[in-house]
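User: I am in my first year of study and would like a close look at a single part of this structure. Please choose one helix, explain where its residues lie, and then place it in the setting of the chain.

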Amino acid sequence: MQVSHPADNSPVNANWWRGAAIYQIYPRSFQDQNGDGIGDLVGITSRLEYVADLGVDAIWLSPVFTSPMKDFGYDVANYRDIDPLFGTLEDFDRLVEKAHALGLKVIIDQVISHSSDRHPWFAESRISRTNEKADWYVWADPKPDGTPPNNWLSIFGGSAWHWDGRRMQYYLHNFLSSQPDLNFHNPAVQDAVLSEMRFWLERGVDGFRLDTVNFYFHSIGLEDNPPIRPEEFNTSTAPAVNPYNLQDHRYDKSQPENVAFLKRVRALLDEYPGSTSVGEIGDAQHQLEIMAEYTSGNGMLHMCYTFDFLGGEYSARHFAQAIDAIAEAAPDGWICLAFSNHDVVRHISRWAPHGYEDVMGRQAATLLLTMRGSVCLYQGEELGLTEAELAFEDLADPYGLEFWPEFKGRDGCRTPMVWQAHTHQGGFSSANRTWLPVPAQHLGYAVDQQENVANSMLAFYRAMLRYRKGHTALITGDIEIVSGTPEAVLAFTRRSEEETLFCAYNMSAEPVEYEIPGGLALTEAGAPGSDTPLEDGRLSFGPFGSYIGVVNQGIE
């Protein structure tokens with residue numbers, strides 16, 4: 001049964017993003033309307049009622065701009081047009097109009113740290129060292145022996161420098177060699193990208209997800225990055241097999257000049273009341289400090305996300321430490337939380353022991369929706385989808401092709417959405433072959449297998465999203481870790497002026513007994529994810545059990 005969603009004609013709530021739930025759509029894989037095997041904007045528009053019925057506040061669209069698709073849209077050749085694979089500007093306008101009619105905000109990706117090498121700006125820049133856009137990208141002379149200017153590495157493998165015979169210089173690329181880095185030290189580049197962003201704000205978008213937001217500036221001195229100290233080695237932003245992890249990225253990103261530019265971004269957004277920004281921070285060693293710097297106060301980004309929960313362990317210790325570290329490093333900042341997205345292994349496959357995928361998946365949803373911050377849900381997460389297993393010959397991701405088989409790339413989380421279990425290609429497309437295969441193991445999780453099923457994962461997500469919206473403590477309240485729990489138990493309170501909630505999670509597959517702190521009087525809060533009985537001040541958790549209660553009096 002479809003629910004009616006009247007248009008939202010209420011006054012602009014400038015803080016709607018704080019505590020919001022945002023649904024990430026990967027356009028290539030959501031819904032194919034024209035039968036070419038690749039998702040498109042008309043297809044997304046046809047499925048927006050489904051997204052609105054989930055109870056989320058906004059959608060985030062991964063890039064749909066004109067692109068040669070070497071990195072599937074994260075290599076932009078025209079910031080002001082839609083790639084024909086996805087449709088037209090008119091299709092985009094209709095999508096925004098329908099989303100707004102359903103009460104959904106629309107956030108789009110902005111990939112401005114680099115462009116495609118097919119972008120006219122780069123085509124002009126590489127012609128000579130004296131043309132008007134000669135300094136719009138990061139160019140540098142070779143060392144006397146012809147080798148690159150320094151030791152900087154690309155995340156996608158190899159040197160971050162690519163030789164160009166026309167200028168007899170190297171250009172910088174933090175990702176593929178076909179993704180040259182823009183030179184943000186040039187004020188004209190800053191003006192140009194802000195102008196491209198204004199174009200979409202004028203078309204009615206409600207904000208931007210800023211790809212690799214700490215990569216905009218490099219050190220002008222082009223100093224070598226030092227090696228990482230062994231105790232600081234971290235694989236949260238690149239797979240363990242990638243030598244990128246062996247450097248301390250002191251000079252190729254996260255430069256202090258970025259702060260002034262982000263203030264310009266915020267000033268632009270402030271011209272459009274109710275618009276918002278979420279920055280992606282990729283820095284394994286300094287992400288929390290950067291998040292604090294980029295989101296504190298009212299003149300910077302609205303929120304950022306880190307890779308704390310897009311990797312790492314699913315353990316009480318890891319989560320408690322991360323929550324405390326965020327609170328300590330960025331007390332005035334705001335985080336956007338996510339367990340899955342288009343770049344990482346789906347979290348159920350990453351974290352759930354075999355046989356516990358369903359119960360752990362429900363706990364993860366409850367945990368995510370009770371933590372402090374805004375929330376991003378990735379398409380299919382609400383169905384309980386696991387990472388797809390693909391054959392090498394089916395891979396499309398250049399990252400996976402480079403580091404196979406130790407790292408299989410990002411295609412396993414990007415496979416098409418499954419709508420109908422017994423329909424051709426899961427209801428995603430009428431094509432004989434889709435850009436990535438529709439995984440047979442996903443068909444049993446299709447939307448039509450979970451719709452109107454009371455205990456389905458889809459029903460559970462809808463119920464938890466409704467519950468979250470009904471509690472101010474979960475939207476904007478403070479969070480405080482409760483100490484003294486058993487090793488497997490994470491416990492915290494969420495506190496607003498109206499209420500205090502006590503949330504406790506057994507993050508293991510073993511039953512656990514937990515005696516709640518003395519002086520804490522609790523009443524069952526009626527949360528869909530709260531499945532653990534409280535008797536005589538003791539919680540008896542089953543595997544991956546959860547409890548949410550209303551605090552009637554404080555901890556002494």
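Analyst:

**Helix H6 and its setting**

The chain of this predicted model has 14 helices and 21 strands. The part chosen here is helix H6, which covers residues 258–270.

Let us begin with its length. Helix H6 holds 13 residues, and at 1.5 Å a residue these should span 18 Å. The C-alpha atoms at its two ends are 18 Å apart, which agrees with that expectation.

Next comes the question of cover. Which residues of H6 are buried? They are Asn258, Val259, Phe261, Leu262, Val265, Arg266, Leu268 and Leu269. A residue counts as buried when its relative accessible area is under 20%. One general point helps in reading such a list. An α-helix has 3.6 residues a turn, so residues three or four places apart point the same way. In H6, Phe261, Leu262, Val265, Arg266, Leu268 and Leu269 are among the buried residues.

What covers these buried residues? The cover includes two helices, H5 (187–202) and H7 (287–295), together with two strands, E9 (207–210) and E10 (276–280).

The loop between E9 and H6 also deserves attention, and Thr212 lies in it. Phi of Thr212 is near 40°, a positive value in a residue other than glycine. Leu222 is placed in the loop between E9 and H6 as well, and its phi is near 50°, again a positive value in a residue other than glycine. For background, most residues other than glycine have a negative phi. Is Thr212 buried or exposed? Its relative accessibility is 6%, and therefore Thr212 counts as buried.

A second helix offers a parallel. Helix H13 (residues 457–469) has 13 residues, which should span 18 Å at 1.5 Å a residue; its end C-alpha atoms are 18 Å apart, in agreement. H13 is mostly covered, with ten of its 13 residues buried. Among them are Met457, Leu458, Phe460, Tyr461 and Arg462.

Elsewhere, the loop between helix H4 (120–125) and strand E6 (139–140) contains Asp135, and Lys133 is found in the loop between H4 and E6 too. Asp135 has 45% relative accessibility and so counts as partly exposed, whereas Lys133, at 12%, counts as buried. Leaving aside residues up to four places away in sequence, Asp135 touches Asn183 and Asn186. On the same basis, Lys133 touches Trp121, Glu124 and Ser125. Asp135 and Phe122 are 13 residues apart in sequence, and their C-alpha atoms are 9.9 Å apart in space.

Another loop, between helix H11 (398–403) and helix H12 (447–450), holds Pro405. A cis peptide bond joins Trp404 and Pro405, with omega about 0°.

Finally, the chain as a whole can be considered. With 556 residues, a compact globule would have a radius of gyration near 24 Å, and the chain has 24 Å, which agrees. Its C-alpha atoms fill a box of roughly 80 × 50 × 50 Å along the principal axes. Of the 556 residues, 61% count as buried. Among contacts with a separation of 6 or more, 70% are accounted for by residues 24 or more positions apart. The accessible surface comes to about 21100 Å², and 50% of this belongs to carbon and sulfur atoms. The chain carries 40 positive and 76 negative charges, and their mean positions are 4 Å apart.

Technical notes
Residues numbered from 1 in each chain as written. Predicted model: local features only at pLDDT ≥ 70, side-chain atom pairs only at ≥ 80, totals over all residues. Heavy atoms only, no water. Helix = DSSP H or I, 4+ residues; strand = E, 2+ residues; numbered from the N terminus. Rg over C-alpha atoms; globule rule 2.2 N^0.38 Å. Buried < 20%, exposed > 50% of the residue type's maximum accessible area, 1.4 Å probe, protein only. Contact = heavy atoms within 4.5 Å. Areas by Shrake-Rupley, 256 points an atom, 1.4 Å probe, with all protein chains shown as cover. Lys, Arg positive; Asp, Glu negative; His and termini not counted. Charge placed at Lys NZ, Arg CZ, Asp CG, Glu CD. Expected span 1.5 Å × (residues − 1).
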